[in-house]
Amino acid sequence: MASFHFQIKSGRNGYDHSHYVARKGFHRKRGDLVAAGHGNLPAWTEDDPAQLWKAAEKYERKNGAVYRESIIALPKELTLQQTHALVGDLVQKLAPGKPHQFAIHAPKSSLEGEVIPHLHLMTSDRADDGIERPAERFFRRYNAQHPEQGGRKKTSGGRNRLEIRNDLIQMRKTVADTINHHLAINGHDERVDHRSLPEQGVRKKPERYLGPAKIKDMTDREKAAYVSARKSGAS
C-alpha cells in the first residue's frame, strides 16, 4: 500500500510563504519546483497571488488566519502528466470558489535519495460570492443584510469542535479517494488509506524521527540499515 500524508496548516506570514511555495527569490535555489499555479483571485490582485496574501496580512483580523495550507504527498507511480491531472482534481475539490495558490515540489529524500513529490495548496477562507470588493473591504466582517457593504464570508466560521473534526476526517477521505481514483484509472494497483494505522488494524512501532542533521552524519551503511528496518516495521 502506498503511503498517505495529508497535513493542514494555517499562518499569518502569507506573503513570504507564497514565495516559498512558488520557489521565488532565494527559494529558487532549492531546484525542486515542478509546477505552480493559482486561481479565483480578486481583480485587485492583478493575477498575482502574492498580492492577495500581502493584503490579507494587512486587513485580515489580527487573530485570524491569513491562509490555510494543505500539504499532500503525491504518488510516485504517476507520470508528470498524470500528476498534473491529479493535482487539478485535488485543487478543484479542496478549494471550490476560494482564492488559492498551489505548487508541486519534488525534492530528493536525504535518506534514500528518492524523489518525493508533494502538493502545497494555499487557500483563503474568503470564498467568492460574485461581489467585487476593493482589498480594504474584502477582508472585513461579512454583512448578511447588505453583503456588498461588508467583506466576503469566511467558510471556516460557525463550526464547533466536533464539526471541525468531522470535516477534517471527510477531507482526508476525499483526498485519499481522489488519489486512489487516479491510481486506478492509470493502471496501478497501489492504494492509500486515510485512516490511522490502529484504525486499519495495523500494529507498528512509531517511527523514530531522525531529522536532517542526524541523517547528514549517517554513513551509507547506516542509512541502508535504517531504511531496511523501517520497511520491516522495526524502526
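Where in the chain is the place of His-188? In this predicted model, His-188 sits in the loop that runs between α5 (161-185) and α6 (197-200). A polar atom of the His-188 side chain lies 3.2 Å from the backbone oxygen of Glu-77. Once neighbours within four places in sequence are set aside, the residues in contact with His-188 are Glu-77, Leu-78 and Leu-183. Glu-77 therefore appears twice in the surroundings of this histidine, as a contact and as the residue whose backbone oxygen faces the polar side-chain atom.

With that loop located, the overall layout can be introduced. The protein chain contains eight helices and five strands. Followed along the sequence, these elements come in the pattern β-α-β-α-β-α-β-β-α-α-α-α-α. The chain has 235 residues, and 40% of them count as buried. Among contacts with a separation of 6 or more, 68% are between residues 24 or more positions apart.

One such element to visit is helix α2, which covers residues 49-59. Its buried residues are Pro-49, Ala-50, Leu-52, Trp-53, Ala-55 and Ala-56. These buried residues pack against two further helices and several strands: α1 (14-21) and α4 (135-138) on the helical side, together with β2 (33-39), β3 (67-73), β4 (100-105) and β5 (118-123). At the start of α2, the backbone nitrogen of Ala-50 has a side-chain oxygen of Asp-48 within 3.1 Å.

The pairing of α2 with α1 can be described further. Two packed helices are described by the angle between their axes and the distance between the axes. For α1 and α2, the angle is about 155° and the axes are 7 Å apart. Because an angle over 145 degrees counts as roughly antiparallel, α1 is roughly antiparallel to α2. The crossing of these helices is right-handed. On the α1 side, the meeting residues are Gly-14, Tyr-15, Asp-16, Ser-18 and His-19, and on the α2 side they are Ala-50, Gln-51, Trp-53, Lys-54 and Glu-57. By character, the residues of this contact divide into three nonpolar, four polar and three charged.

A further helix pair is formed by α3 (residues 80-94) and α5, whose axes come within 10 Å and cross at roughly 155°. That angle makes α3 roughly antiparallel to α5, and α3 passes α5 in a right-handed crossing. From α3, the contact draws on Gln-82, Ala-85, Leu-86, Asp-89, Leu-90, Lys-93 and Leu-94. From α5, the contributors are Met-171, Thr-174, Val-175, Thr-178, Ile-179 and His-182. The residues of the contact of α3 with α5 divide into seven nonpolar, four polar and two charged.

The tour ends with another histidine. His-5 is found in the segment before β1 (6-11). Is this residue buried, partly exposed or exposed? His-5 has a relative accessible area of 40%, so it is partly exposed. Not counting residues up to four places away in sequence, His-5 touches Ile-71, Ile-72 and Ala-73. His-5 and Ala-176 are 171 residues apart in sequence, with a C-alpha to C-alpha separation in space of 9.2 Å.

Technical notes. Residues are numbered from 1 along each chain as its sequence is written. This is a predicted model: local features need pLDDT of at least 70, side-chain atom pairs count only at pLDDT 80 or more; totals for chains, interfaces and linings use all residues. Side-chain values use heavy atoms; hydrogens and water are left out. Buried means under 20% relative accessible area, exposed over 50%, partly exposed in between (1.4 Å probe, protein chains only). Helices (H or I, at least four residues) and strands (E, at least two) are DSSP runs, numbered from the N terminus. Contact means heavy atoms within 4.5 Å. A polar contact is a pair of N or O atoms within 3.5 Å; within protein, one must be able to donate a hydrogen and the other to accept it, and residues adjacent in sequence count only if both atoms are side-chain atoms. Axes are lines fitted to C-alpha atoms, for helices over the stretch in contact, and angles run from 0 to 180 degrees between N-to-C directions. Angles under 35 degrees count as roughly parallel, over 145 as roughly antiparallel, 65 to 115 as roughly perpendicular and the rest as oblique. A crossing is left-handed if the near helix is turned anticlockwise from the far one by less than a right angle, and right-handed if clockwise. Ala, Val, Leu, Ile, Met, Phe, Trp, Tyr, Cys and Pro count as nonpolar, Asp, Glu, Lys and Arg as charged, and the others, Gly among them, as polar.
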